[in-house]
Amino acid sequence: VIVVAASVKALPLVVFGAVLAVTLYVTWWASRRTRTATDFWAAGRGISAPQNGLAISGDYMSAAAFLGVSGLIFLYGFDGYVTGVAALVSFIPVLLLLAERLRNAGKFTMADMLAFRLNERPARSAAAVGTICVVAFYLVAQMIAAGALIEALAGLKFAVAVLITGAVMLAYVVFGGMLATTWVQIIKAVLLLSGVAVLAVWTLGKVGFSLNELMDRAAKASGEGEKYLGPGLFFAKPLDAVSTGLAFALGTAGLPHILMRFFTVPDAKAARGSAGWAVLFIGLFYVLVMMVGLGSRALLGPNGESLAGDGGNLAAPYLAQTLGGGSGTAGGDVFFAVISAVAFATILAVVAGLVIAASGAVAHDLWSNVVRRGASEQEEVYVGRIAAGVVGAVAIVLAIFAGKEFNIQFLVGLAFSVAASANFPALLLSVVWRRFNTVGALTGVAFGLVSSIGLIILSPTVWPGPDSEGGPFPLSNPAVVTIPLGFAGCVLGTLLSSPEERTFDELRVRSETGMGAEAQEAVGPA
Amino acid sequence: VKTIGTTRHDWDALEQTSEFRELVAERRRFVLPALAVFVVWFGGFLALAGYARGFMAKQVIGSVTWAYLLALSLIVMTWAIAYAYLRFSERRLAPLAERARERGEGDAS
């Protein structure tokens with residue numbers, strides 16, 4: 001007999017099952033509408049601006065944003081909120097610098113923009129490596145989080161939970177492509193925003209709808225008094241707060257699964273519109289998450305910290321249980337199950353987005369533009385489905401092998417650090433700097449990637465020994481050093497090599513005006 | 001000179017047209033100040049969160065501390081910049097981009 005469950009909780013499993021049934025139905029629906037490469041990677045470019053705004057929110061608001069940020073606020077007060085605020089403001093550079101330009105000049109992946117004006121094969125390869133690294137670190141982190149959460153919330157064994165999550169994620173992407181992924185993200189965003197809104201409003205109701213009362217009670221319950229409402233309880237060094245904030249604020253502009261979403265809309269106007277909607281939804285989300293974090297502290301009582309577990313991840317579901325009437329009551333059990341299912345849907349949507357981004361990098365960038373130039377569109381989609389399967393399978397194996405005790409915090413930090421230091425500088429300079437060339441892009445990506453990985457290994461989070469003793473590099477997130485290094489790599493590589501006669505003017509005109517942009521694909525019969 | 005569909009465009013010349021230059025200048029007029037606001041406001045917030053812990057823990061409005069007030073102000077700032085940019089794009093940039101496109105398509109040989 002294989003032990004599948006530790007101690008199964010029936011109600012959360014039933015609600016999980018409902019989420020799976022709805023999203024798999026959507027996948028079946030989408031699979032019948034997915035034929036061309038544009039369908040598979042860009043949902044036929046037929047997603048509207050508000051829909052894409054919701055989908056971006058669904059792609060972006062991960063379990064780390066919901067359970068992680070509210071849990072850190074619960075445990076450490078304000079420091080937990082710094083990453084949340086940084087994650088939201090990061091959409092300013094995305095909206096002002098990249099969204100419309102990507103839609104105008106690209107096709108399926110962020111590498112398209114680099115390949116436009118640089119030497120195609122090396123530039124695409126570098127961007128694909130950046131994409132795959134970010135996806136790999138982030139995906140494994142999310143899978144481990146999924147396994148640990150489902151085990152805690154529904155009682156399934158870690159490995160079983162990871163396998164189920166992985167299988168469902170692959171079903172979305174392999175069969176339903178970007179169309180299924182998009183609608184899974186939209187459903188998840190609606191579920192998450194509603195769930196967090198109910199939690200926050202209910203919490204406020206308990207304190208007479210007074211923010212003052214909420215803050216006072218949270219501060220008192222924390223045992224830290226007023227210090228709980230200010231920074232300094234989580235980040236050991238001041239520069240830690242700055243560096244982590246920078247990684248999140250600039251990393252988003254280099255997250256391949258977020259940038260890829262801008263290719264799913266009909267035109268540049270819808271691209272900027274969808275970034276606007278995303279900012280509205282994600283901002284709202286973080287206001288509500290603040291209430292949930294403070295509310296958990298104010299309402300969970302002295303037993304809260306042991307319930308919430310490592311990193312405070314389970315604070316929000318247990319807040320739901322408490323609000324519903326407490327453990328053992330019908331209301332408490334139902335609300336706990338619903339919020340657990342929301343967390344489950346949250347993870348599914350994010351991992352699906354990551355896998356389709358990786359599949360685009362492998363099939364569209366590496367396979368049909370580097371390895372086998374001129375591969376047919378059918379072949380590209382076929383390779384894309386296989387790539388998704390392989391990436392997903394590797395992530396499942398790595399997550400199970402790493403186990404639930406694995407420290408995922410550094411993997412998420414690493415993903416954002418690589419995105420901000422390797423991908424973002426090359427992307428930005430490719431649209432604003434005329435002199436920028438292929439060598440510059442390659443050195444920039446290499447500098448950002450190597451320094452991020454190297455410094456994280458040397459940091460207190462990874463270096464052997466207790467966290468407080470630290471490693472040779474003092475910061476838990478290296479972005480404050482690696483982002484300048486990424487830019488320095490781009491500039492040095494460019495200036496030390498000869499200028500290229502490439503098509504900067506063409507990229508510039510096309511990305512600013514939308515001339516010659518990929519149009520929406522006509523919806524027609526098979 | 002490169003081909004889009006059946007039309008050939010001289011991109012380098014297009015980049016020099018007054019229509020395109022005007023579009024770029026107008027966009028820059030919004031984007032640079034907006035980025036400056038973002039950098040100063042968010043940079044200031046991070047610096048205070050790291051180095052001014054005592055100040056950030058002081059209560060300003062009722063029990064709400066400077067830390068939470070500034071964090072919420074950043075959310076409002078993000079909303080405001082996004083809204084302003086969308087309006088600006090619609091009213092000022094879209095017509096200019098349209099003119100630049102028409103010029104480009106008219107010049108096609």
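Is Asn369(A) buried or exposed? In this predicted model, Asn369(A) turns out to be buried: its relative accessible area is 16%, and the cut-off for that label is anything under 20%. The residue sits in helix 16 of chain A, a run that covers residues 330-371. Its side chain makes a link back to the main chain, reaching the backbone oxygen of His364(A) at 2.6 Å. Leaving aside residues up to four places away in sequence, Asn369(A) touches Glu120(A), Arg121(A) and Arg124(A), as well as His364(A).

Stepping back to the whole chain, the secondary structure is quickly told: chain A has 21 helices and zero strands. The radius of gyration is 22 Å, close to the 24 Å expected from the globule rule for 526 residues, so chain A is as compact as a globular protein of that length. Along the principal axes, the C-alpha atoms fill a box of roughly 65 × 55 × 45 Å. Buried residues account for 63% of the 526 in the chain. As for who contacts whom, take the pairs in contact that are at least 6 apart in sequence: 83% of those contacts join residues at least 24 apart.

On the outside, the accessible surface of chain A adds up to about 17,300 Å², and carbon and sulfur atoms own 66% of that. The charge tally is 31 positive and 30 negative side chains, with the centres of the two sets 5 Å apart.

Helix 21 of chain A, residues 504-513, is a good place to look at burial in detail. Ten of its ten residues are buried, so this helix is largely enclosed by the rest of the structure. The buried set takes in charged side chains, including Asp505(A), Glu506(A), Arg508(A), Arg510(A) and Glu512(A). Also on the list are Phe504(A), Leu507(A), Val509(A), Ser511(A) and Thr513(A). Right after the helix comes Gly514(A), with a positive phi near 85°.

Val201(A) gives another view of a helical residue. It belongs to helix 9 of chain A, which spans residues 158-206. With a relative accessible area of 45%, Val201(A) is partly exposed, because that class runs between the 20% and 50% cut-offs. Val201(A) also offers a handle on distances within the fold: Leu255(A) is 54 residues away from Val201(A) in sequence, and the two C-alpha atoms are 32 Å apart in space.

How values were computed
Residues are numbered from 1 along each chain as its sequence is written. Chains are lettered from A and ligands numbered from 1 in the order in which they are written. This is a predicted model: local features need pLDDT of at least 70, side-chain atom pairs count only at pLDDT 80 or more; totals for chains, interfaces and linings use all residues. Side-chain values use heavy atoms; hydrogens and water are left out. Helices (H or I, at least four residues) and strands (E, at least two) are DSSP runs, numbered from the N terminus. The radius of gyration is taken over C-alpha atoms; the globule rule is 2.2 Å times the number of residues to the power 0.38. Buried means under 20% relative accessible area, exposed over 50%, partly exposed in between (1.4 Å probe, protein chains only). Contact means heavy atoms within 4.5 Å. Accessible areas come from the Shrake-Rupley method with a 1.4 Å probe; for residues, only the protein chains shown count as cover. The place of a charge is taken as NZ of Lys, CZ of Arg, CG of Asp or CD of Glu. A polar contact is a pair of N or O atoms within 3.5 Å; within protein, one must be able to donate a hydrogen and the other to accept it, and residues adjacent in sequence count only if both atoms are side-chain atoms.
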